[in-house]
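Student: I should like to request a close look at a single part of this model. Please treat the matter in one connected account.

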Amino acid sequence: MAMATTAPTASTTSLTSVTLEVADVAGAQRFYSAFGVDTRIGLRASEAPSTGFRGFTLALTVSGPAGVDGFLRAAVDAGATVLKPAARSLWGYGGVVQAPDGTIWKVATSAKKDAGPATREIDEIVLLLGVEDVKAAKQFYVGRGLAVARSFGGKYAEFTADECSPVKLALYKRRALAKDLGVPADGTGSHRLVLGGTTGPFTDPDGFRWQAAA
């Protein structure tokens with residue numbers, strides 16, 4: 001089993017925004033408002049060609065199973081497609097949906113039982129980038145000034161986040177991520193995702209684009 005490692009240095013670069021590129025901005029705004037994450041992400045119009053898996057997911061962590069069910073139900077009622085119905089597993093409880101714009105969202109909790117009534121509170125949102133080589137991508141981002149919070153060999157890496165970060169950034173093997181989400185790993189064209197940071201602009205080794213924070 002891979003051991004987690006941590007980095008002792010503070011981050012000099014922060015993820016300050018996550019923008020989804022969508023064909024229908026007004027429709028996406030309605031969906032994300034109903035889903036409950038509209039204050040955490042940005043939207044902008046794009047017709048860039050994109051087929052198959054876009055190589056990333058946004059994962060919501062909530063306090064309990066009832067919260068998971070509530071967010072997934074809101075997403076489906078607003079037009080999302082279920083990719084993986086909510087179910088219990090060794091690590092907790094969760095499910096996966098795909099928004100009308102094509103973005104894949106995972107909603108999960110580590111709790112096996114509810115400790116209280118369901119709420120619409122989000123503990124955190126993690127942006128998981130599916131990359132071909134986790135170690136190489138991690139070193140690229142460390143070179144750009146991000147600090148590693150946790151790392152599990154060549155399988156997973158997570159970066160530190162501060163108060164200006166709407167989501168936490170993490171790296172995962174692309175094929176493993178696709179398998180976890182229940183979709184084929186193949187995909188072509190645009191990721192339909194732009195990240196804002198305190199340094200930039202740049203494009204990482206897997207084609208994810210960053211722009212300088214506004």
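How do the residues of the lining of the largest cavity divide into nonpolar, polar and charged?

Tutor: The model is a predicted one, and the residues lining its largest cavity comprise 6 nonpolar, 5 polar and 1 charged. That lining has 12 residues in total; nearest the centre of the cavity lie Leu15, Leu146, Thr160, Ala161 and Leu169. The space enclosed amounts to about 50 Å³, and the count of cavities of 30 Å³ or more is 1. Rolling a probe the size of a water molecule over the atoms reveals where space is left empty.

Ser14 may be considered next. This residue belongs to the loop that runs between β1 (4-5) and β2 (15-22). Ser14 is classed as buried because its relative accessibility is 10%, where the cut-off for buried is under 20%. The side chain of Ser14 forms a polar contact of 2.5 Å with the side chain of Asp162. Leaving aside residues up to four places away in sequence, Ser14 is in contact with Asp162, Cys164, Ser165, Gly196, Gly197, Thr198 and Trp210.

Confidence should be weighed alongside this description. Across the chain the mean pLDDT is 92, with 94% of residues at 70 or more. Residues 6-11, however, have pLDDT under 50 throughout, and the model gives them 9 contacts beyond four places in sequence. Predicted coordinates should not be read in detail where pLDDT is low.

Notes. Residues are numbered from 1 along each chain as its sequence is written. This is a predicted model: local features need pLDDT of at least 70, side-chain atom pairs count only at pLDDT 80 or more; totals for chains, interfaces and linings use all residues. Side-chain values use heavy atoms; hydrogens and water are left out. Helices (H or I, at least four residues) and strands (E, at least two) are DSSP runs, numbered from the N terminus. Buried means under 20% relative accessible area, exposed over 50%, partly exposed in between (1.4 Å probe, protein chains only). A polar contact is a pair of N or O atoms within 3.5 Å; within protein, one must be able to donate a hydrogen and the other to accept it, and residues adjacent in sequence count only if both atoms are side-chain atoms. Contact means heavy atoms within 4.5 Å. On a 1 Å grid over the protein atoms alone, a cavity is a set of points where a 1.4 Å probe fits but cannot get out, and a pocket is an open set with protein on both sides within 12 Å along at least five of seven lines; lining residues have an atom within 4 Å of a point. Grid points are joined across faces, edges and corners, and a volume is the space filled by probe spheres set on the points. Ala, Val, Leu, Ile, Met, Phe, Trp, Tyr, Cys and Pro count as nonpolar, Asp, Glu, Lys and Arg as charged, and the others, Gly among them, as polar. pLDDT is the predictor's confidence in each residue, from 0 to 100.
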